[in-house]
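I opened the notebook to record what I looked up, starting with the whole chain and then turning to the sheet.

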Amino acid sequence: MAPTTPQTPLLAIRNVTTMYGNITALRSVDLHVHAGEIVTIIGANGAGKSTLMMTIFGSPRASEGQVIFDGHDITSTPTHEIARLNIAQSPEGRRIFSRMTVMENLQMGAAVIGNAHFDQDLERIFGLFPRIRERIDQRGGTLSGGEQQMLAIARALMSRPRLLLLDEPSLGLAPLVAKQIFEAIADLNKRTGLTVLLVEQNAFHALKLADRGYVMVNGEITMSGTGRELLDKPEIRAAYLEGGRREVH
């Protein structure tokens with residue numbers, strides 16, 4: 001692949017529309033993520049955030065528009081080939097292999113790139129999530145919710161991604177555990193320059209963490225700006241930070 005310049009987004013979503021049968025889940029979505037950024041998408045449950053993440057991975061496919069990664073159109077690329085392009089996903093609901101051990105889950109994550117750097121990457125994971133080391137021989141299904149989320153992220157990181165897609169990493173977690181997850185994401189980005197696209201209902205933590213953010217309502221991007229700009233907007237505070245439920249247009 002051609003190298004990505006600072007002016008060229010690592011990921012660009014261009015006028016993407018995604019359908020579920022006759023239902024429009026995404027409508028003319030435009031967004032971009034530059035290398036080294038943390039970009040978040042906030043919005044109410046059902047706004048289309050997770051659909052966008054899955055569309056990037058080709059399941060479902062965009063019915064209109066383009067998904068561009070590192071200057072290449074991957075809109076029609078098979079999902080298993082997208083996984084080999086240094087894109088990794090930690091999906092909503094964790095979806096770890098519950099009957100496999102923690103080690104076996106991590107081996108599955110590394111399968112895309114082989115075992116040449118496995119031991120080195122394993123130590124990096126242990127440094128990021130010490131609890132993973134302690135649970136290495138346990139089955140994934142016996143872990144707590146927070147530990148499973150750490151494992152889901154760790155499994156994605158074992159493929160050495162250039163772009164990490166994180167879908168609702170704090171969902172269902174205690175506030176202290178969620179804080180640990182967000183701190184780990186920030187640490188990864190700061191130390192390694194990992195590019196992160198984050199979908200998150202916890203708007204305060206997401207926007208505080210992110211370089212930039214997008215607001216999604218009913219499958220459309222309705223607002224964008226830096227994390228600080230969006231945090232300071234009264235309509236964002238009313239809708240997402242102060243218990244409000246109205247949509248932001």
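**Burial and overall form**

I began with burial: 49% of the 249 residues are buried. The model is predicted, and I read every entry below with that in mind.

I then checked the overall dimensions. The C-alpha trace spans about 50 × 40 × 35 Å along its principal axes. I looked up the radius of gyration and found 18 Å, which agrees with the value near 18 Å for a compact globule of 249 residues.

For the surface, I noted about 11,700 Å² exposed, with carbon and sulfur atoms supplying 49% of that area.

Next came contact range. I took the contacts between residues at least 6 apart in sequence; 67% of these join residues at least 24 apart.

**Sheet order**

I counted secondary structure elements: the protein has 10 helices and 10 strands. I then traced one sheet. It is open, has six strands and runs in the order S6-S7-S8-S3-S9-S10. Its pairing is mixed.

Which strands stand at the edges? I found S6 (87-90) and S10 there. Each has a single partner strand, so one side of each is left without a neighbour in the sheet. I also noted the twist, which averages 15 degrees from one strand to the next.

**The S6 end**

I looked at how S6 pairs with S7 (residues 163-167). The two are parallel and share four bridges. I picked out one of the bridge pairs: Ser90 is partnered by Leu166 in S7.

**Helices on the sheet**

I moved on to the helices that pack here. H1 (residues 49-56) packs on the sheet and touches S3 (38-42), S6, S7, S8 (195-199) and S9. I logged its direction at about 150 degrees to that of S7.

H10 (residues 234-241) packs on the sheet too, touching S3, S9 and S10. The direction of H10 makes about 65 degrees with that of S9.

**The S10 end**

I finished with the hairpin. How many bridges join S9 (residues 212-217) to S10 (residues 220-226)? I found six, and the two strands run antiparallel. Arg212 stands opposite Thr226 in S10.

I checked the turn last. Two residues lie between S9 and S10 in this hairpin. Asn218 is in the turn, and I noted its positive phi of about 50 degrees.

Definitions and conventions: Residues are numbered from 1 along each chain as its sequence is written. This is a predicted model: local features need pLDDT of at least 70, side-chain atom pairs count only at pLDDT 80 or more; totals for chains, interfaces and linings use all residues. Side-chain values use heavy atoms; hydrogens and water are left out. Two strands pair if DSSP finds at least two bridges between them. Axes are lines fitted to C-alpha atoms, for helices over the stretch in contact, and angles run from 0 to 180 degrees between N-to-C directions. Contact means heavy atoms within 4.5 Å. The radius of gyration is taken over C-alpha atoms; the globule rule is 2.2 Å times the number of residues to the power 0.38. Buried means under 20% relative accessible area, exposed over 50%, partly exposed in between (1.4 Å probe, protein chains only). Accessible areas come from the Shrake-Rupley method with a 1.4 Å probe; for residues, only the protein chains shown count as cover.
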